[in-house]
Amino acid sequence: MTQDASPAPDQPAEESESRNFLEVKIQEDLDSGKYPGVHTRFPPEPNGYLHIGHAKAICVNFGLARQFGGKTNLRFDDTNPVKEDEEYVRAIQEDVKWLGFDWEDRLFFTSDYFGRLYDSAVELIRRGKAYVCSLSAEQVREYRGGWNTVGRNSPDRDRPMEESLDLFERMKAGEFEDGALTLRAKIDMASPNMNLRDPPMYRIRRQSHHRTGNDWCIYPTYDWAHGLCDSFEGITHSLCSLEFQDHRPLYDWFLEALEVYQPEQTEFARLRLTHTVMSKRKLLRLVEEQRVDGWDDPRMPTLSGLRRRGFTPASLRSFCERIGVARFNSMIDLAVLENCVREDLNAWAPRRMAVLKPLKIVITNYPEDQVEEMDAVNNPNDPDAGTRKVPFSRELYIEQDDFLEDPPKKFFRLGPGREVRLRYAYFVTCQEVIKNDAGEVTELHCTYDPETRGGDAPDGRKVKGTLHWVSAKHGISSEVRLYETLFQDENPEDVEEGGDFIDGLNPDSKTVLSQAVVEPALGELEVGAQVQFERTGYFSVDLDSQKNRLVFNRTVTLRDTWAKLVKKGKQGKQG
């Protein structure tokens with residue numbers, strides 16, 4: 001079962017008591033008549049899979065347009081054919097739709113505008129504001145200067161306009177080798193903003209493009225194409241993350257120099273999450289070096305990884321809403337994201353019983369061939385979810401951690417001579433502990449009280465421990481994958497000089513339990529379905545599952561007070 005429990009994103013949201021600065025800005029623009037409506041865009045580069053940082057950008061752009069009755073374009077910035085691929089184009093579209101947003105008929109590519117971008121560059125040359133430069137990449141860096149030194153003009157900066165036009169046309173025709181020439185904007189080599197020191201607009205690159213094939217051998221830079229494409233599409237509010245703040249004067253300069261429609265760019269803080277890296281370059285390295293099992297590894301912050309792990313679109317939208325939109329970068333605790341998915345799944349995810357580390361118990365006074373069907377609640381938060389039948393038999397599995405041979409005072413689970421409740425079934429008492437030659441507990445012999453069916457004793461006696469269980473005869477053999485943070489450090493990108501972020505990988509980020517046993521009802525679930533394993537956590541059916549061998553990924557844990565106390569070396573009441 002999969003579900004998206006929050007209202008659909010295209011439904012009007014209730015007015016918030018306090019608006020963020022982007023909402024305030026848009027409202028002011030509408031009230032003043034600056035723009036007749038709201039038109040935003042989400043412009044990913046198809047050179048990798050989207051991650052949770054992109055989810056924030058998607059929610060901001062699509063969400064604000066929805067809130068103000070506007071529209072949003074999905075535009076792929078495909079200006080670098082070396083790194084781009086149709087695989088990423090398809091994956092990005094799938095992720096945006098999965099999050100619950102729709103660009104309708106407004107799917108665009110920067111490559112759609114290659115002709116217009118070229119013509120605009122020609123116009124800039126004609127206006128004396130661009131020139132063809134023969135400096136090598138290394139020479140350009142040298143001439144550019146530094147933060148404390150002004151740059152030097154290229155020897156070609158005053159090249160005659162007609163000559164630059166001729167060379168630019170010949171660049172397009174393929175007469176020059178890769179890197180031999182570039183087209184640069186003529187701005188200010190002494191500007192304190194390094195982006196304005198005659199930035200490149202076009203470079204020669206003989207590389208087949210995923211959409212245009214070999215039609216072009218010159219490609220526009222992102223900085224040249226970004227603002228112009230927003231202008232071409234009539235974008236009103238160009239919403240970017242803070243790293244593009246210093247690029248805004250360049251975008252404005254291009255549009256003003258061409259005297260064309262100028263969208264307004266506003267920057268907001270990008271998402272930073274503890275124990276997580278967001279750099280596509282670093283994520284690609286994790287994949288290429290096989291530090292993870294692909295882009296959709298459930299430990300990855302990619303949307304495909306989060307989806308495979310069991311995160312829901314509703315939980316991610318809730319997370320983005322909860323962290324808000326700010327002007328300054330900050331680090332968000334991963335626990336906030338985990339709590340969002342926990343809250344969502346708690347409301348609707350069906351409850352099932354699964355034993356991850358089985359310990360067999362034999363109920364010695366229960367008839368050998370008898371099987372009873374116990375009524376179990378599907379979701380205590382949803383009365384309409386009803387109940388299901390769970391088979392109960394003489395031999396059962398419980399968790400190894402639910403038994404201690406010498407239990408401390410506040411451990412309320414099973415121990416020698418102790419009585420506990422088996423959820424939805426009976427009270428049982430441990431009578432005998434069976435061990436192997438190594439002294440390890442392999443089996444427990446228990447007795448049950450037939451008068452306590454359903455979990456209550458007619459004589460009113462109480463037990464403090466309630467355990468989940470699975471019938472040994474009816475359970476389905478399964479594999480369960482437990483995930484922890486991929487990186488040990490809170491900020492894995494903060495490494496000392498000469499260090500490597502790879503060194504911070506968590507060696508215990510993935511634990512595979514291959515002997516798990518789950519109740520029969522779980523065999524009906526499809527890949528991607530989410531469920532709560534009672535007393536354990538929330539899990540999702542993995543795509544590696546087979547008919548007779550299910551595989552589950554742990555999405556997030558439940559709050560287990562006893563486990564936390566043990567980890568801290570303390571004892572307290574059981575959770």
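Two strands pair if DSSP finds at least two bridges between them. β5 and β6 meet that criterion, with 3 bridges in the antiparallel sense. The legends below describe close-up views of a predicted model.

**View 1. The whole chain, for orientation.** The predicted protein has 13 helices and 27 strands. Its C-alpha trace spans about 100 × 55 × 40 Å along the principal axes. Of the 575 residues, 53% count as buried. Among contacts between residues at least 6 apart in sequence, 71% join residues at least 24 apart.

**View 2. Strand β6 pairs with both β5 and β7.** β5 (182-185) and β6 (200-204) run antiparallel, joined by 3 bridges. Threonine 182 stands opposite arginine 203 in β6. β6 also pairs with strand β7 (residues 218-220). That pairing is antiparallel too, over 3 bridges. Here the bridge partner of arginine 203 is tyrosine 219 in β7. Arginine 203 thus has a bridge partner in β5, threonine 182, and another in β7, tyrosine 219. Of the 5 residues of β6, 4 are buried, so the strand is largely enclosed by the rest of the structure.

**View 3. Serine 191 sits in the loop between β5 and β6.** The residue has a relative accessible area of 6%. Buried means under 20%, so serine 191 falls in that class. Its side chain reaches the backbone nitrogen of asparagine 193 at 3.1 Å. Leaving aside residues up to four places away in sequence, serine 191 touches Leu196 and Arg197.

**View 4. Three parallel strands form an open sheet.** The order is β1-β2-β3, with parallel pairing. β1 (39-42) and β3 (107-109) stand at the edges. Each has a single partner strand, so one side of each is left without a neighbour in the sheet. From one strand to the next, the twist averages 35°. Strand β2 (residues 71-76) is joined to β3 by 3 bridges. Phenylalanine 76 has phenylalanine 109 in β3 as its bridge partner. Helix α2 (residues 52-67) packs on this sheet and touches β1 and β2. The direction of α2 makes about 160° with that of β1.

**View 5. Helices α4 and α6 cross.** The axes of α4 (residues 114-126) and α6 (residues 161-173) come within 9 Å. They cross at roughly 160°. That angle makes α4 roughly antiparallel to α6. The crossing is right-handed. From α4, the contact involves Tyr118, Ala121, Val122, Ile125 and Arg126. They meet Met161, Ser164, Leu165, Phe168, Glu169 and Lys172 in α6.

**View 6. Arginine 327 lies in the loop between α11 and β11.** The loop runs between α11 (313-323) and β11 (331-332). Arginine 327 is partly exposed, with a relative accessible area of 49%. Its contacts, not counting residues up to four places away in sequence, are with Phe21, Leu242 and Ala269. Serine 241 is 86 residues from arginine 327 in sequence. In space the two are 9.1 Å apart, C-alpha to C-alpha.

**View 7. A mixed sheet has seven strands.** This open sheet of 7 strands has the order β21-β18-β19-β20-β14-β17-β22, with mixed pairing. The edges are β21 (466-467) and β22 (470-471). Each edge strand has a single partner, so one side of each is left without a neighbour in the sheet. Strand β18 (residues 419-422) and strand β19 (residues 427-435) pair in the antiparallel sense. They do so over 3 bridges. The bridge partner of glutamate 419 in β19 is threonine 429.

**View 8. Threonine 536 occupies the loop between β25 and β26.** β25 (530-533) and β26 (537-541) flank this loop. Threonine 536 has a relative accessible area of 17% and is buried. The residue touches Leu356, His468, Thr557 and Leu558, not counting residues up to four places away in sequence. Valine 556 is 20 residues from threonine 536 along the chain. Their C-alpha atoms are separated by 9.2 Å.

Methods:
Residues are numbered from 1 along each chain as its sequence is written. This is a predicted model: local features need pLDDT of at least 70, side-chain atom pairs count only at pLDDT 80 or more; totals for chains, interfaces and linings use all residues. Side-chain values use heavy atoms; hydrogens and water are left out. Helices (H or I, at least four residues) and strands (E, at least two) are DSSP runs, numbered from the N terminus. Buried means under 20% relative accessible area, exposed over 50%, partly exposed in between (1.4 Å probe, protein chains only). A polar contact is a pair of N or O atoms within 3.5 Å; within protein, one must be able to donate a hydrogen and the other to accept it, and residues adjacent in sequence count only if both atoms are side-chain atoms. Contact means heavy atoms within 4.5 Å. Axes are lines fitted to C-alpha atoms, for helices over the stretch in contact, and angles run from 0 to 180 degrees between N-to-C directions. Angles under 35 degrees count as roughly parallel, over 145 as roughly antiparallel, 65 to 115 as roughly perpendicular and the rest as oblique. A crossing is left-handed if the near helix is turned anticlockwise from the far one by less than a right angle, and right-handed if clockwise.
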